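Please take a moment to look over the chain before reading on, and keep the display at hand while the text walks through its parts one after another.

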Amino acid sequence: MAGQPLLSKQEHFLIIEDDKGRQQILLRKSTYTIGRSPECDIRLRSQFVSRYHAMLYRKEDSQGVSYYQIVDGDSHRKPSANGLLINGVKEPCHDLKHGDEVVFGPQVFAIYQYRQFDHPPTMPTNDPFDITLIDPSMMEYGDDTIEYE
């Protein structure tokens with residue numbers, strides 16, 4: 001009996017540490033603004049962070065695997081005051097990989113996490129030998145109940 005191909009589920013997270021503590025953010029949208037402004041999608045709470053510090057863009061590689069790219073500055077390409085320090089190196093733009101650390105300012109950073117789960121499809125198969133076994137004790141019967149011992 002041939003097995004069904006596994007389906008892949010991808011999840012992207014940012015774990016943010018700032019003046020208010022730690023928070024984990026599940027990334028689902030294609031674009032995010034990051035900064036101190038209350039209008040940002042991902043708000044960083046620190047006076048050392050620009051109002052619009054960075055942008056996140058979801059991209060896809062040649063095998064269809066999605067990832068996020070972080071770009072310093074706002075949507076108009078105006079750079080932030082501090083820039084981005086990614087894994088200890090100052091960079092204006094970076095394709096994020098699992099475990100990357102992005103420093104926005106003193107005591108304000110994010111760690112990018114990527115998780116992929118493989119799971120079987122939930123749709124029924126067309127396999128003629130695929131059967132479901134039912135325990136008779138799980139069945140509800142009317143007045144003409146037959147007891148099995």
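A residue is called buried when its relative accessible area is under 20%, exposed when that area is over 50%, and partly exposed in between. Q107 has a relative accessible area of 67%, and therefore counts as exposed. This applies to a predicted model, and the values that follow were computed from it.

With that vocabulary in place, we can turn to the chain as a whole. The chain has 11 strands and zero helices, so that reading along the sequence gives the pattern β-β-β-β-β-β-β-β-β-β-β. Of its 149 residues, 32% are buried. When we consider contacts between residues at least 6 apart in sequence, 43% of them join residues that are at least 24 apart.

What lies in the interior? The largest nonpolar core has 21 residues, and those that touch the most other members are L14, L27, I34, I42, L56, I70 and F104. Several strands, namely β1 (7-18), β2 (21-27), β3, β5 (54-60), β6, β10 (101-105) and β11 (108-119), each supply at least two residues of this core, and the largest share, three residues, comes from β11. I42 can serve as an example of a core member, for, leaving aside its neighbours within four places in sequence, I42 is in contact with L14, I16, I25, L27, Y32, T33, I34, G35 and L56.

One of these contacts of I42, Y32, leads us to the aromatic rings. The structure holds one aromatic pair, formed by Y32 and Y68, whose ring centres are 6.3 Å apart and whose planes meet at 55°, an arrangement described as tilted. The pair links distant parts of the chain, since Y32 belongs to strand β3 (residues 31-35) and Y68 to strand β6 (residues 66-72), with their positions 36 residues apart in the numbering. Y32 has a relative accessibility of 6% and therefore counts as buried, while Y68, at 0%, is buried as well. Y32 also has a charged partner, because the charged end of K29 sits over its ring, 5.3 Å from the centre. Elsewhere, R115 lies over the face of F13, at 4.1 Å from the ring centre.

Strand β6 also contains S66, which is a useful reminder to look beyond nonpolar side chains. S66 has a relative accessible area of 12% and so counts as buried. Its side chain makes a polar contact of 2.6 Å with the side chain of Q10, and another polar contact, of 2.9 Å, joins the side chains of S66 and H12. Not counting residues up to four places away in sequence, S66 touches Q10, H12, R58, K59, E60 and Y114.

How many disulfides are there? A disulfide requires two cysteine sulfur atoms within 2.5 Å, and by this rule the count is zero. As for individual cysteines, C40 has a relative accessibility of 7% and so is buried, whereas C93, at 33%, is partly exposed.

Finally, we come to the loops and return to the residue with which we began. Most residues other than glycine have a negative phi. Q107, which is not a glycine, has a positive phi of about 60°, and lies in the loop between β10 and β11. R77 is not a glycine either, and has a positive phi of about 70°; its place is in the loop between β6 and β7 (85-86). R77 has a relative accessible area of 58%, so it counts as exposed.

Note on methods:
Residues are numbered from 1 along each chain as its sequence is written. This is a predicted model: local features need pLDDT of at least 70, side-chain atom pairs count only at pLDDT 80 or more; totals for chains, interfaces and linings use all residues. Side-chain values use heavy atoms; hydrogens and water are left out. Buried means under 20% relative accessible area, exposed over 50%, partly exposed in between (1.4 Å probe, protein chains only). Rings of Phe, Tyr and Trp (its six-membered ring) pair if their centres lie within 6.5 Å; planes under 30 degrees apart count as stacked, over 60 as edge-to-face and the rest as tilted. Helices (H or I, at least four residues) and strands (E, at least two) are DSSP runs, numbered from the N terminus. A charge sits over a ring if NZ of Lys or CZ of Arg is within 6 Å of the ring centre and within 35 degrees of the ring normal. A nonpolar core is a set of buried Ala, Val, Leu, Ile, Met, Phe, Trp, Tyr and Cys residues joined through side-chain atoms within 4.5 Å. Contact means heavy atoms within 4.5 Å. A polar contact is a pair of N or O atoms within 3.5 Å; within protein, one must be able to donate a hydrogen and the other to accept it, and residues adjacent in sequence count only if both atoms are side-chain atoms.
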